[in-house]
Amino acid sequence: MRTGGEGIVDIRGFSFQPLEKPFSVVSLVPSWTETLFYFGLSREEIAGRTDYCIHPRGRVEGVETVGGPRDPNLERIFELDPDLIIADREENRKEDVEEMDGHWPASRVFVTGPRSVDEALGDVARLGRLFHARGRARRLIESVRASMARIRGEGRGTVAYVVWQDPWIVAGGETYIGDIIRILGYENVADRPPISGPGRERRGGYPAVTIEDLARLRPDAVFLSTEPFPFRRRHADLLRSLLGGVDAEYAGKVNIRIVDGEYFSWYGSRMIAAFRYFSRHRASL
């Protein structure tokens, strides 16, 4: 039913067939959990979600949680015995996916891993086929592409997009976030030396940086994401203070701002709201 023959291929090259109703699915990816509701799946069809699957509010709360993306309760997932599990190479651990693979004769884990908007839209199309929601998937894709055409640009300066503190970690250009930054017209300093140099620690496209790195690269703007680290105004003040200890002149003029991490990092149906937001607020980003 899921592997072999012509089918819908995930990032690992595994082939799946559209699910036969009635079915049940466990989503270990917040972006895709929200998208399943957009596709029209019911709470009965969505058998499990992670603690971080918080959208759509008012509907997702009725779905059982099965742990976090990086520490799922595999025993509970096995008990639920879903027809399909959705995982992601960035959100979930390889060893958990492999353990789930080994539990059933054929893989039930469909793995995504978009590193660009185009790849994310490709996953939307594939998941739409799996869940008999081709029409909704097509409308989502058309909406995003129309909005994206209005905001594509260049020459907006340089930016560092920070996702974590202690250590400070930034999004590289080969990530979904990096592609969003490119579409908005920014140059990502994470792709410059010394951040991109040999020996620099990189966590799946997210290099660790120092305050000295940032002061040396002097991005015009530093975006502090509200997730996965919950950056707030006090963190922006702290970063400016730390930069001031290295380069007071730069620290006094750099634009440090808090940005909504869901708009920059969630794909699937969240992309509709994100690109509408980018279109409305492009001048102030």
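Which side chain does the side chain of Tyr161 meet in a polar contact of 3.0 Å? The partner is Ser225. I will come back to that pair after the overall picture. Please keep in mind that this is a predicted model.

Start with the whole chain. The protein has 285 residues, and 55% of them count as buried. Its secondary structure comes to 11 helices and 14 strands. The C-alpha trace spans about 65 × 40 × 35 Å along the principal axes. The radius of gyration is 20 Å, and a compact globule with 285 residues would be near 19 Å, so the two agree. On contacts, take the pairs at least 6 apart in sequence: 63% of those join residues at least 24 apart. The exposed surface is about 12700 Å², with carbon and sulfur atoms supplying 47% of it.

Now the interior. As background, nonpolar side chains in soluble globular proteins tend to be buried together. Here the largest nonpolar core has 57 residues. Within that core, the residues touching the most other members are Val117, Phe131, Phe275 and Phe278. There is also a second, separate core of 22 residues, and its members include Val162, Val189, Leu214 and Leu224.

Phe275 is worth a closer look. Apart from residues up to four places away in sequence, Phe275 touches Val117, Val144, Ser147, Met148, Ile151, Tyr176, Ile180 and Ile183. One of these, Ser147, belongs to helix 5, residues 134–151. Is Ser147 buried or exposed? Ser147 counts as buried, because its relative accessibility is 3%. With the same sequence neighbours set aside, Ser147 touches Phe275 and Arg276.

Back to Tyr161, which sits in strand 9, residues 158–164. Its relative accessibility is 0%, so Tyr161 counts as buried. What surrounds Tyr161, leaving aside neighbours within four places in sequence? The contacts are Ile169, Val170, Ala171, Ile177, Ile181, Phe223, Ser225, Val259, Gly261 and Phe264. Ser225 on that list is the partner in the 3.0 Å polar contact, side chain to side chain. For one distance across the model, Tyr161 and Ser279 are 118 residues apart in sequence and 19 Å apart from C-alpha to C-alpha.

Next, two helices. Helix 1 covers residues 30–38, and 8 of its 9 residues are buried, so the rest of the structure largely encloses it. The buried ones are Pro30, Ser31, Trp32, Thr33, Glu34, Thr35, Leu36 and Phe37. After helix 1 comes Gly40, with a positive phi near 100 degrees.

Helix 3 runs over residues 94–103, and its buried residues are Asp96, Val97, Met100 and Asp101. Why are these on the same side of helix 3? Because they cover an arc of only 145 degrees around the axis. What do the buried residues of helix 3 pack against? They pack against strand 6 (71–72), helix 2 (74–80), strand 7 (84–88) and strand 8 (109–112). On the face turned away from the buried side, helix 3 carries the exposed residues Lys94 and Gly102.

Last, the backbone. The general expectation is a negative phi for most residues other than glycine, and a trans geometry for most peptide bonds. Some places in this model depart from that, and I will take the peptide bonds before the phi values.

The bond from His55 to Pro56 is cis, with omega near 0 degrees. Pro56 is in the loop between strand 4 (46–48) and strand 5 (67–68). The bond from Glu227 to Pro228 is also cis, with omega near 5 degrees. Pro228 is in the loop between strand 13 (221–225) and helix 8 (233–244).

For phi, His132 is not a glycine, yet its value is positive, about 55 degrees. His132 is placed in the loop between helix 4 (117–130) and helix 5. Arg218, likewise a residue other than glycine, has a positive phi near 50 degrees. Arg218 is in the loop between helix 7 (211–217) and strand 13. At 29% relative accessibility, Arg218 counts as partly exposed.

To close, I return to the opening pair: Tyr161 is buried at 0% relative accessibility, and its side chain has a polar contact of 3.0 Å with that of Ser225.

Terms used
Residues numbered from 1 in each chain as written. Predicted model: local features only at pLDDT ≥ 70, side-chain atom pairs only at ≥ 80, totals over all residues. Heavy atoms only, no water. Buried < 20%, exposed > 50% of the residue type's maximum accessible area, 1.4 Å probe, protein only. Helix = DSSP H or I, 4+ residues; strand = E, 2+ residues; numbered from the N terminus. Arc of directions from axis to C-beta. Contact = heavy atoms within 4.5 Å. Polar contact = N/O pair within 3.5 Å; in protein donor to acceptor, adjacent residues only side chain to side chain. Rg over C-alpha atoms; globule rule 2.2 N^0.38 Å. Areas by Shrake-Rupley, 256 points an atom, 1.4 Å probe, with all protein chains shown as cover. Core = buried A, V, L, I, M, F, W, Y, C linked by side-chain atoms within 4.5 Å.
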